[in-house]
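Trainee: I would like to learn how to read the features of a model like this one. Could we take them one at a time?

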Amino acid sequence: MDHQPKFFENLSGTGKAIAVLTSGGDAQGMNAAVRAVVRMGIYVKAKVYFIYEGYQGMVDGGDNIVEVSWESVSSILQVGGTVIGSARCKSFRTREGRLQAACNLVQRGITNLCVIGGDGSLTGANLFREEWSGLLEELAQKGKIDREAVKKYAYLNIVGMVGSIDNDFCGTDMTIGTDSALHRIIEVVDAIMTTAQSHQRTFVLEVMGRHCGYLALVSALACGADWVFIPEYPPEEGWEDSMCVKLSENRARKKRLNIIIVAEGAIDCHNKPITSEKVKDLVVQRLGFDTRVTILGHVQRGGTPSAFDRILASRMGVEAVLALLEATPATPACVVSLSGNQAVRLPLMECVQMTQEVQKAMDEGRFVEAVRLRGRSFENNLNTYKLLSHKKPDAELPKVRSNFNVAVLNVGAPAAGMNAAVRAAVRVGITEGHKMFAVIDGFEGFSRGKIKEISWGDVGGWTGQGGSILGTKRTLPAKYLEKIADQMRTNNINALMVIGGFEAYESCLQLHEARSCYEEFCVPICVLPATISNNVPGTDFSIGADTALNAIVETCDRIKQSASGTKRRVFIIETMGGYCGYLANMGALAAGADAAYIFEEQFDIRELQANVEHLTEKMKTSIQRGLVLRNENCNENYTTDFIYQLYSEEGKGVFDCRKNVLGHMQQGGAPSPFDRNFGTKISAKAMQWISKKLKETYRKGKIFANTDDSVCLLGMRRRNLVFQPVAELKTETDFVHRIPKEQWWLKLRPLMKILAKYKTSYDVSDSGQLEHVAMHSQKEVETGTI
């Protein structure tokens, strides 16, 4: 939809007062949301208040409701939990409590409330809003406020943000804290795997999720667990036998460990609880396996927020302030949500009602309905897990083997999550009846015949491995076309899945263009974007970028901490990414940096000078440290050394400078939960597309696919997963600098500047429309999105 950019400069907060509170269970990332609300509120010239200890603080008033400044939220971005405290509040559930809360707010002129919490906290906020005019009337009758105040503060505006590690709120793909909780779970699983392998043990892991199985399901998907128990999808009758058969089969295949994940609210089909102890006893009694139980408990709520949660919470916080500024008396209370890659506003009570519908469906045993109500993201995760975790007996595989041979290869630099994608491709391919082949060392290896058949068991345990097990090379196929065509003919390869970055995209363009000379390339070909640089056209995200971003943010946190003792120090940090500024820009947003220099936004000496002056001013406050990120290729003359020397010279006597080049540490490490999950899901989807194309292009005993739409790249575009012909993506590509001509994350650049106290323009064209909670049909889930 074409629209004129709409900027928020005409949205003034002058004369408005906004209060922010966190309520219910804490979640990592809440502080990032609080920080964004405070800074955006002050930026638009509103007064901003903290309400300490949730609704209890609102009822108690006094020192619990205080006006805050820009510096009040310094250094909280990387802190887990919530610095303003959270408490369960019985008194707010009574009308007297709400009456007192209203009195405390009116005395300070607060009529805009930003609530960060779960569905209970948000429902309470909505009730408060509905009662507001009646509460004010009662206060006036009791003489606690005057008639003027009743008129002046007649309406209460409410915007919610969902902070909950369980991801149990309908209407948003991710709640604040979920990604960080997954990080904690996966860290534990990865650590347990090494000890379990040493002793050939079975581990039963209990994760949080009393009413929602999201954490259990996604962590099972991300670590390749043998079995998972969740409340929305109870196992069928006789599950005890099925599970024991599966575990013993895995042992027979020389698998040295078994992982079973149990959500704390797991139930059987009769609504009876399935506990981790019950599962352990069953395994010990039936199989005699050495079995241990680990209950993760509050570890999942703790620790520092992940990069994803910091960015999500920052985006939501800014969006919440915009929603409050635009709210009218007729606007229903809304919640700021994430749909795909878009921040959206949804009516709060629609989301709450659907969330309650899920529980009702589960209580009544309508489990298929419960999964559907959870939303397309949950349903897709469940379907993918079912596809990948259990190898169907040969009798259940397609009756006639497809006789199609599908090859998988990695191209370009290694990216964390590539192995998860290969595993998913191999297992879904086998389930679809294909013979799967692995190509070693990219197209170079392909040309030398380094190709072998790969089985279901060969890819066990691959999800958590970093780098590329198959090996990868940057070499493009152009110089080996004849040899590759020979290998495809010799091995009778009927389809290709190419996993990699910009080189993978370019390679498939070359194969597409070589079809007129080599008929062997007239087969379905799918590219999966996997690169830390996130510079592939046709997709908002690439496998591996999230892991790299977390590595950058973790390092920035440590660097900032090292400066807290020395004071008055500015760090210049160089990130990778080629000419693409994604890592530098998003790293700056997630780490709370003062500036990020990127190629996409040209800068000159005047801007560098302005940044130095900005930091000089900052050093006069209580925040005496600075952080500046620079993309490696942002400018050939303004190098990291140049910027370091300039800052050192200009900051003499005010601050000193240090520089840090992060280098290849950004490419290494175990993949993050997001990359494991994203790699697994898009790979499974791509393999199903390949199967469909093979059936469509099978003619007279052979495959012949020569149309543009038989060479596609599968990418995430705003809210959908889309297959796009690589030939069509050419027009969207800057081949000289190896980046897409348009990049969605540039819209978030002003956000980073605002939160660092720079004056800037912020296009809010995508904001402002209140949408409705959509129910998704099974067809939409299968064809569209994650």
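Trainee: Which residues is leucine 496 in contact with, leaving aside its neighbours within four places in sequence?

Mentor: This is a predicted model, and what follows should be read in that light. Leaving out neighbours within four places in sequence, leucine 496 is in contact with Ala407, Leu409, Phe446, Met488, Leu511, Pro524, Ile525, Cys526 and Ile690.

Trainee: Which residues touch the most other members of the largest nonpolar core?

Mentor: A nonpolar core is a set of buried nonpolar residues joined through side-chain atoms within 4.5 Å. The largest one here has 189 residues, and Met161, Ile261 and Leu496 touch the most other members. Helix 10 (residues 307–326) gives this core its largest share, 13 residues. There is also a second, separate core of 43 residues, which includes Val59, Cys89, Leu105 and Val115.

Trainee: Now the sheet. In what order do the seven strands of the open sheet lie?

Mentor: The order is 3-2-1-4-5-10-11, and the pairing is mixed. Strand 3 and strand 11 (342–347) are the edge strands, as each pairs on one side only. From one strand to the next, the twist averages 25 degrees.

Trainee: Is strand 1 buried or exposed?

Mentor: Buried here means under 20% relative accessible area. Six of the six residues of strand 1 (residues 17–22) are buried, so strand 1 is largely enclosed by the rest of the structure. Both of its faces are covered: Ala17, Ala19 and Leu21 are buried on one side, and Ile18, Val20 and Thr22 on the other.

Trainee: How many bridges join strand 1 to strand 2, and how many link strand 1 with strand 4?

Mentor: Strand 1 and strand 2 (residues 47–51) run parallel and are joined by four bridges. Alanine 19 in strand 1 stands opposite tyrosine 49 in strand 2. Between these two strands the chain passes through helix 1 (residues 30–43), and this β-α-β crossover is right-handed. With strand 4 (residues 112–117), strand 1 pairs in the parallel sense over five bridges. Isoleucine 18 has asparagine 112 in strand 4 as its bridge partner.

Trainee: Let us go further along the sheet. Which way do the residues of strand 5 point?

Mentor: Asn157, Val159 and Met161 point one way, while Ile158, Gly160 and Val162 point the other way, and all are buried. With six of its six residues buried, strand 5 (residues 157–162) is therefore largely enclosed by the rest of the structure. Met161 also appears among the residues that touch the most other members of the largest nonpolar core.

Trainee: What joins strand 5 to strand 4 and to strand 10?

Mentor: Six bridges join strand 4 to strand 5, and the two run parallel. Valine 115 has glycine 160 in strand 5 as its bridge partner. Strand 5 and strand 10 also run parallel, joined by three bridges. There, valine 159 is partnered by cysteine 334 in strand 10.

Trainee: In which sense do strand 10 and strand 11 pair?

Mentor: Strand 10 (residues 334–339) and strand 11 pair in the antiparallel sense, over six bridges. Valine 336 has arginine 345 in strand 11 as its bridge partner.

Trainee: On to a helix. How far apart are the end C-alpha atoms of helix 3?

Mentor: The check rests on a rise of 1.5 Å a residue: the 13 residues of helix 3 (residues 95–107) should span 18 Å, and its end C-alpha atoms are 18 Å apart, which agrees. An α-helix has 3.6 residues a turn, so residues three or four places apart point the same way. In helix 3, the buried residues are Gly97, Arg98, Leu99, Ala101, Ala102, Cys103, Asn104, Leu105 and Val106. Their cover includes strand 2, helix 2 (54–60), strand 3 (65–67), strand 4, helix 4 (119–141) and helix 5 (147–152). After helix 3 comes glycine 109, with a positive phi near 75 degrees.

Trainee: Last, a hairpin. How many residues lie between strand 24 and strand 25?

Mentor: Two residues lie between them, and arginine 718 in the turn has a positive phi of about 50 degrees. The two strands run antiparallel, with six bridges joining strand 24 to strand 25 (residues 720–725). Cysteine 712 has proline 725 in strand 25 as its bridge partner.

Trainee: Which strand runs parallel to strand 24?

Mentor: Strand 17 (residues 525–529) does, with three bridges to strand 24. Valine 527 is partnered by leucine 713 in strand 24. Six of the seven residues of strand 24 (residues 711–717) are buried, so strand 24 is largely enclosed by the rest of the structure.

Note on methods:
Residues numbered from 1 in each chain as written. Predicted model: local features only at pLDDT ≥ 70, side-chain atom pairs only at ≥ 80, totals over all residues. Heavy atoms only, no water. Buried < 20%, exposed > 50% of the residue type's maximum accessible area, 1.4 Å probe, protein only. Pairing = 2+ DSSP bridges. Right-handed = clockwise from strand over helix to strand, strands pointing away. Contact = heavy atoms within 4.5 Å. Expected span 1.5 Å × (residues − 1). Axes fitted to C-alpha atoms, helices over the stretch in contact; angles between N-to-C directions.
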